[in-house]
Number of protein chains: 2
Amino acid sequence: MAQRQMAFPQADCSECPIRYRAVCAHCEGDELNQLEAIKYYRNYAAGQTIVWAGDRMDFVASVVHGVAALTQTMEDGRRQMVGLLLPSDFLGRPNREHATFDVTATTDLQLCCFRRQPFQDLLSNTHHVSKRLLEMTLDELDAAREWMLLLGRKTAREKIASFLSIIVRRDATIQQFAKGGALAFDLPLTREAMADYLGLTLETVSRQMSSLKKDGVIRLEGKRHIVIPDFDALMHETGDDSDGGVY
Amino acid sequence: MAQRQMAFPQADCSECPIRYRAVCAHCEGDELNQLEAIKYYRNYAAGQTIVWAGDRMDFVASVVHGVAALTQTMEDGRRQMVGLLLPSDFLGRPNREHATFDVTATTDLQLCCFRRQPFQDLLSNTHHVSKRLLEMTLDELDAAREWMLLLGRKTAREKIASFLSIIVRRDATIQQFAKGGALAFDLPLTREAMADYLGLTLETVSRQMSSLKKDGVIRLEGKRHIVIPDFDALMHETGDDSDGGVY
DNA sequence: TCTTGACCTTGATCTGGATCAAGCGAGCCC
DNA sequence: GGGCTCGCTTGATCCAGATCAAGGTCAAGA
C-alpha cells in the first residue's frame, strides 16, 4: 500500500494523428486513414449542453481535454449524474441513433468526434476496434457498479472521500509531489455537480468537505483547489477495503 | 401507452442445441460445434454462492433458468446488489481471471457454462459473437445507469414500484391475463435481497410493500405472489416519465 | 403433534441528511 | 466604485428511512 501503483490514462497518443488513444491505439495504415476521414473536433464552454436525452446524435466521440457529465433528470427536477467522462473516455453508443442521457460539459471541453455511420461500418470491419470498445464498456460497467455501492450504502462522508479518490485515480493531470507523496488538483465539478454525482444535496457536500478539512484529511486552497497530504488517510474514509481491492 | 409493447426475452432458442440464445443466436455449423465442445451445465440451490469476489473463475456462463445476483459487501457488512441475472443473461467477463463481485443464486438456478479460455479464443475469431457481447454489455450499462438514478434520487416507495416494474418487464415467465391486462408473478427475491437491490433495509421494503397493497396498487397473495391489477397505476408510482421513455 | 428456524410484518424511537434560510466573497458589468 | 450574480458556506429545523424490538406465519423435520 505504501508504494501505491496508479495507472494514469494517457489522453494523447504520440504515434496517433487522431490523438485518440482509446480507439485507435492499434490502428494502422488504411484504418487510420479511414478514421482521419470521418473525424472532426468540437469545443464547448463549461456549463454548455452537448446533447439532450432523446436528441438525435450523429456522432460518437472521445474526450480530448476537459470533463463531461452524463445526467438523468426526473420530471420534478431531481437529477442524478450517471457518467463522468475524462480525457480519453468514449462518448456515444454505436447502433443507437438517439442519446439516452443529457450530456453537458462541466469544464471547457474538446471532443474528437467521428461521424456515427461510417464509424459503425469501421467497427463491423475492424475487429480490434470493437474488441477495444468491448473492453472499455466492461470497464465502465465495473465503474458503474462501484458507483452503485456508493449511492446505495455509503454515508455522505464516505461518498465525498470516495469521490475525491476516484478523481485522483482517474485524472491524468494530477501532480504527485515529492514530500510525503501529497497530491494536489483542481476539482473539475461545482458543489452542485458533485451532489448530482453522489446522490446528495449541495449543502451536504459543502458541509462534509468542511468536515474533512477540519479533520485534516484534505486542505482546501480556494473553493476548488484540493491538497491531499496523506492519500491513505483519505482512503481510510472511503469505507472501501483497505488493501486496494483487486489482486 | 394503453397497448404497452413489451419485449420478453427468450431464454431458449429452439434452433440452437446450446439453448443459449444470447450468445449463439447466429452461430452456425463449425462455430456451434465449437461452443458445444466447451459447454456444460451447472445447477445451484437457492441461497448458494456461485463465486466469491476475488475467486478464480474459469468459465463464463448464461443463465438457463432461475435468478442470480451480483453483490458487493463492505467490511462492516453493508451490502449492495449490483447486478441481477435472469434467464438468458450473461455471467462472467472474458479476459478477466478473477471475479469482481460475489455471485449467488437467489432461486434454484441452472447455468450453461463455457470454459473461459476456449470461449475467449472463439471471441477472437468470431466477430458476431463479440458484437453480440458488446451489445449486451451496452444494454447492461444502460440498465446500471437507470439503477443509479433509482439508488441516488428515488424515494423508498418509488424504488419498490420501479423494482416491480423492472421485474415485470424482464421476466419472461410472467403471465399476462385477459381481463384488464392484470399481471401476476412470483417475486424471485426475499425482502432482504430486495433491500440489497434498492439500497434500503428489509423493514422499509416490507412497509412500502404493505403501503402499495393498502393503496390497491398491488395485491399480495402469500408473501411472494404479486398481482398488478393496473400496470399504468404502478408505473405512476415509479417517478419515471409517464410516456414510456425511449422513442 | 410439537419444535425449530427462516421469512416477514408492524410498532416505537432515533438520526443523517434534506430543507429552508441567511450571509459571504470574488469576479464582472455598468 | 457600486451593485449583481454565481458559487459556496453555515445555521436551524424537519422528516424519511434506519434502527431496535416484538411478534406472526408457515414449512420441514423430530
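Contact here means heavy atoms within 4.5 Å. With that in hand, the predicted model can be explored from two sides, beginning with one arginine and moving on to the DNA.

Arg153(A) belongs to helix H4 of chain A, which covers residues 127–153. Leaving aside residues up to four places away in sequence, Arg153(A) touches Glu158(A) in its own chain, together with Met74(B), Arg78(B), Arg79(B), Gln80(B), Ala195(B), Asp196(B), Gly199(B) and Leu200(B). The relative accessible area of Arg153(A) is 16%, and because buried means under 20%, this arginine counts as buried. Two of these neighbours also meet its side chain through polar atoms. A polar atom of the Arg153(A) side chain lies 3.1 Å from the backbone oxygen of Ala195(B), and the side chains of Arg153(A) and Asp196(B) form a polar contact at 3.3 Å.

Turning to the DNA, 17 residues surround strand D, and those that come nearest are Arg191(A), Ser206(A), Ser210(A), Thr204(B) and Arg207(B). Of the strand D atoms that come within 4 Å of the protein, 61% are sugar and phosphate. By residue class, the surface near strand D comprises seven charged, seven polar and three nonpolar residues. Helix H7 (202–214) of chain A and helix H7 (202–214) of chain B each contribute at least two residues to this surface, with H7(A) giving the largest share, five residues.

Individual atom pairs fill in the picture on chain B. Phosphate oxygens of DNA strand D lie 2.8 Å from a polar backbone atom of Ala156(B) and 3.1 Å from a polar side-chain atom of Thr201(B). At Glu203(B), an N or O atom of the side chain is 3.2 Å from a base nitrogen of DNA strand D.

Terms used: Residues numbered from 1 in each chain as written. Chains lettered and ligands numbered in written order. Predicted model: local features only at pLDDT ≥ 70, side-chain atom pairs only at ≥ 80, totals over all residues. Heavy atoms only, no water. Helix = DSSP H or I, 4+ residues; strand = E, 2+ residues; numbered from the N terminus. Buried < 20%, exposed > 50% of the residue type's maximum accessible area, 1.4 Å probe, protein only. Polar contact = N/O pair within 3.5 Å; in protein donor to acceptor, adjacent residues only side chain to side chain. Near = heavy atom within 4 Å. Nonpolar A, V, L, I, M, F, W, Y, C, P; charged D, E, K, R; others polar.
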